Amino acid sequence: MDADRLVALAEVSYALARRAGFSSDLGWQHSLAAAVASWAALFSPAADLSPFQSRATLARQLHNAALTTVTLGIPDLAGAASVEIRRVVFGREITLRSSWQAATWNPELFDGFVAADDFRVQGLRNRHRQSGVGAALLGERGPIDPSKVTASDYRLPPRLQAVALTSVMRDVTFSEGGWVPTSVDLGIYDPNRTSTVRIADIDVPLESDLSAAFAHTLGRSDSLRRAGLGGLFRVSDWQDLGGLYMLEPFDPSRIPVIFVHGLVSTPLTWREMANDLWADSSIRSRYQFWFFLYPTGKPFGLSAAALRASIEDVRRRCDPDGRCASLSQIVLIGHSMGGLISRLLVTDPGTALWDSVSTVPFDQATMSDEDRELVVGALLSPPVAGVTRVIFIAVPHRGSDLADRAPGRLASRLVQLPPSVVEAALRVFSTTDPATGQTIPRSISNGVDSLSPNSPLLRTLADLPISPTVTAHSIIGDRSSVPGPNGTDGVVPFTSSHVDGVESELIIPNSDHSVTLRPEAIREVRRVLREHAAMSLPPSRQ
């Protein structure tokens with residue numbers, strides 16, 4: 001049968017499937033007929049259909065749409081590594097096999113699949129799709145059964161997540177001398193990791209929708225949307241949600257990029273940047289994206305200690321023998337307060353930060369082992385091993401006047417720190433009046449207070465050098481159309497966001513503090529990541 005007749009058969013079959021209802025058994029049979037006929041038009045040598053013909057485009061579109069219905073109609077597909085069913089289709093028995101080819105993911109993590117085209121993406125400037133062959137799906141992953149968690153899965157979002165997947169009709173066996181299919185072979189692929197698949201000795205690009213999965217994950221997380229204000233004012237209520245999260249299982253062959261948000265914010269601040277960067281195959285093939293969520297009402301030194309501990313936890317779980325080259329090439333990207341957290345991780349403070357907040361030398365300070373561990377983690381730790389590049393975005397290295405103005409003072413008074421933090425600070429920093437012997441409690445700084453230009457700790461940190469093993473970059477917003485040394489993004493002045501000695505500094509005009517959303521900032525981060533990948537060690541696999 002020639003290509004024109006096969007495409008016409010696919011068109012008619014798909015129209016009949018729509019009339020019968022895609023969710024009905026008859027609709028599924030017609031969809032299978034449409035998928036097989038269009039597959040034969042595209043890949044059968046006898047069909048002789050040029051990919052440059054308009055009929056080829058129609059055949060591909062019909063195939064992808066019909067295959068979506070076929071895949072979603074396979075019983076017990078979710079959670080299975082392989083499925084084989086036998087169905088009578090228009091009076092003939094057909095064997096349909098599906099196998100899990102998305103090796104990055106454990107199939108048992110998924111509760112179900114939905115069609116990516118069923119979703120309208122909102123909240124993202126761009127919807128990134130890859131045109132090709134296959135059914136673009138979203139795999140829905142629910143809460144992970146603790147008994148099934150591996151070291152690689154440990155940092156995935158704990159509740160709900162959508163993952164981009166593609167169902168591919170890899171092969172069709174026809175009856176001898178005819179066009180009646182006897183068996184159909186499907187494969188479920190991860191388009192983030194597999195961009196092409198071989199069908200009939202042809203390397204074919206996969207159809208995929210990367211943005212739909214990202215948007216679906218963000219849209220289902222009500223707690224993530226509330227964590228900005230919640231994490232500022234009620235730190236205790238949001239500490240358990242905080243941590244380092246991965247969008248995919250850990251991959252030892254790819255370099256971690258850790259995004260750290262700012263004050264009154266969440267990882268949602270990175271939505272445009274992460275969406276656009278992930279669509280770039282040159283970035284996706286070399287990097288894995290991690291996001292650090294923390295309650296911003298805490299002093300940023302404690303959040304830095306938490307991020308440091310999370311990185312070490314990943315190293316301990318996923319690379320206990322220290323053989324993973326990618327973990328020695330980590331990139332930090334910090335916005336606003338997140339940049340200060342990042343700076344603490346790439347700076348060797350010695351005792352300078354402690355000395356800025358205490359009159360007692362650290363080696364002479366009396367405190368419990370627990371309190372000493374807390375202070376060391378927040379103020380005295382050396383640079384994190386393996387972090388070799390940092391990108392600062394709109395970071396108040398020397399503070400922001402807003403922290404000292406009326407809105408900042410009001411916000412500071414509303415912050416509720418955990419009792420354990422307050423009690424530890426009182427034990428460590430309270431002094432004794434030599435005349436009366438009474439304890440003089442010291443005021444406890446919170447996340448807002450720590451951004452004051454008058455903060456001794458912040459002024460000291462700004463004067464400390466970044467580790468010579470770390471390459472630093474800076475991206476700065478300026479509300480003016482003609483940026484200058486007196487510029488500001490409305491929150492952080494240039495004099496505070498500027499850092500001497502960085503490898504590069506980009507000032508974006510007509511930009512406010514939300515500079516992470518700007519295309520210019522995204523392009524600059526892409527440039528830096530490509531440069532970093534070119535200079536990094538070859539990927540290692542374990």
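User: Let's start with Cys318. Is Cys318 buried or exposed?

Analyst: Burial is read from relative accessible area, and the cut-off for buried is under 20%. This is a predicted model, and in it Cys318 has 13% relative accessibility, so it counts as buried.

User: And how does Cys324 come out, buried or exposed?

Analyst: Cys324 counts as buried because its relative accessibility is 5%.

User: How many disulfides does the structure have?

Analyst: For a disulfide, look for two cysteine sulfur atoms within 2.5 Å. A search of the whole structure turns up 0 of them. Cys318 is in no disulfide, and its nearest cysteine sulfur belongs to Cys324, 8.5 Å away. Seen from the other side, the sulfur of Cys324 has Cys318 as its closest cysteine partner, and 8.5 Å is too far for a bond.

User: Cys318 sits at the end of a helix, H9, residues 300–318. What should I check on a helix like that?

Analyst: Two things: the span and the burial. H9 has 19 residues and runs 27 Å from first C-alpha to last, close to the 27 Å expected at 1.5 Å a residue. As for burial, 14 of its 19 residues are buried, so H9 is largely enclosed by the rest of the structure.

User: Now helix packing. How do I read two helices against each other?

Analyst: Two packed helices are described by the angle between their axes and the distance between the axes. Here, take H1 (residues 3–20) and H3 (residues 54–72): their axes come within 10 Å and cross at roughly 35°. The crossing is left-handed.

User: Which residues make the contact between H1 and H3?

Analyst: From H1 they are Asp4, Val7, Ala8, Ala10, Glu11 and Tyr14, and from H3 they are Arg55, Leu58, Ala59, Leu62, Ala65 and Ala66. By type, that contact splits into 9 nonpolar, no polar and 3 charged residues.

User: What does H3 look like on its own?

Analyst: H3 has 19 residues and reaches 28 Å from its first C-alpha to its last, close to the 27 Å expected at 1.5 Å a residue. Its buried residues include Ala59, Leu62 and Ala66, which also appear in the contact with H1.

User: Can we zoom in on Leu58? What does Leu58 touch?

Analyst: Leu58 is in helix H3. Leaving out residues up to four places away in sequence, it touches Val7 and Glu11. With a relative accessible area of 24%, Leu58 is partly exposed. Leu58 and Ala33 are 25 residues apart in sequence, and their C-alpha atoms are 16 Å apart in space.

User: How do I spot residues that are far apart in sequence but meet in the fold?

Analyst: Put the sequence separation beside the C-alpha distance. Arg459, in helix H15 (residues 456–463), is 61 residues along the chain from Arg398, with 6.0 Å between their C-alpha atoms. Arg459 touches Arg398, Pro453 and Asn454, not counting residues up to four places away in sequence. Its relative accessible area is 40%, so Arg459 is partly exposed.

User: And what about Arg155? Where is it placed?

Analyst: Arg155 is in the loop between strand S5 (135–141) and strand S6 (161–174). At 13% relative accessibility, this arginine counts as buried. Not counting residues up to four places away in sequence, Arg155 touches Leu244, Tyr245, Met246, Ser310, Asp313 and Val314. Arg155 and Trp290 are 135 residues apart in sequence, yet 9.0 Å apart C-alpha to C-alpha.

User: What should I look for in the backbone angles?

Analyst: Most residues other than glycine have a negative phi. Asp201 has a positive phi of about 65° although it is not a glycine. Asp201 lies in the loop between strands S8 (196–199) and S9 (202–205), and its relative accessible area of 65% makes it exposed. Ser336 has a positive phi near 55°. Ser336 is in the loop between strand S14 (330–335) and helix H10 (337–345), and it is buried, with a relative accessible area of 7%.

User: Last one: what's the overall picture of the chain?

Analyst: The chain has 17 helices and 19 strands. Its C-alpha trace spans about 105 × 55 × 45 Å along the principal axes. Of its 542 residues, 55% count as buried. Among contacts between residues at least 6 apart in sequence, 76% join residues at least 24 apart.

Technical notes:
Residues numbered from 1 in each chain as written. Predicted model: local features only at pLDDT ≥ 70, side-chain atom pairs only at ≥ 80, totals over all residues. Heavy atoms only, no water. Buried < 20%, exposed > 50% of the residue type's maximum accessible area, 1.4 Å probe, protein only. Axes fitted to C-alpha atoms, helices over the stretch in contact; angles between N-to-C directions. Helix = DSSP H or I, 4+ residues; strand = E, 2+ residues; numbered from the N terminus. Left-handed = near helix turned anticlockwise from the far one by under 90°. Contact = heavy atoms within 4.5 Å. Nonpolar A, V, L, I, M, F, W, Y, C, P; charged D, E, K, R; others polar. Expected span 1.5 Å × (residues − 1).
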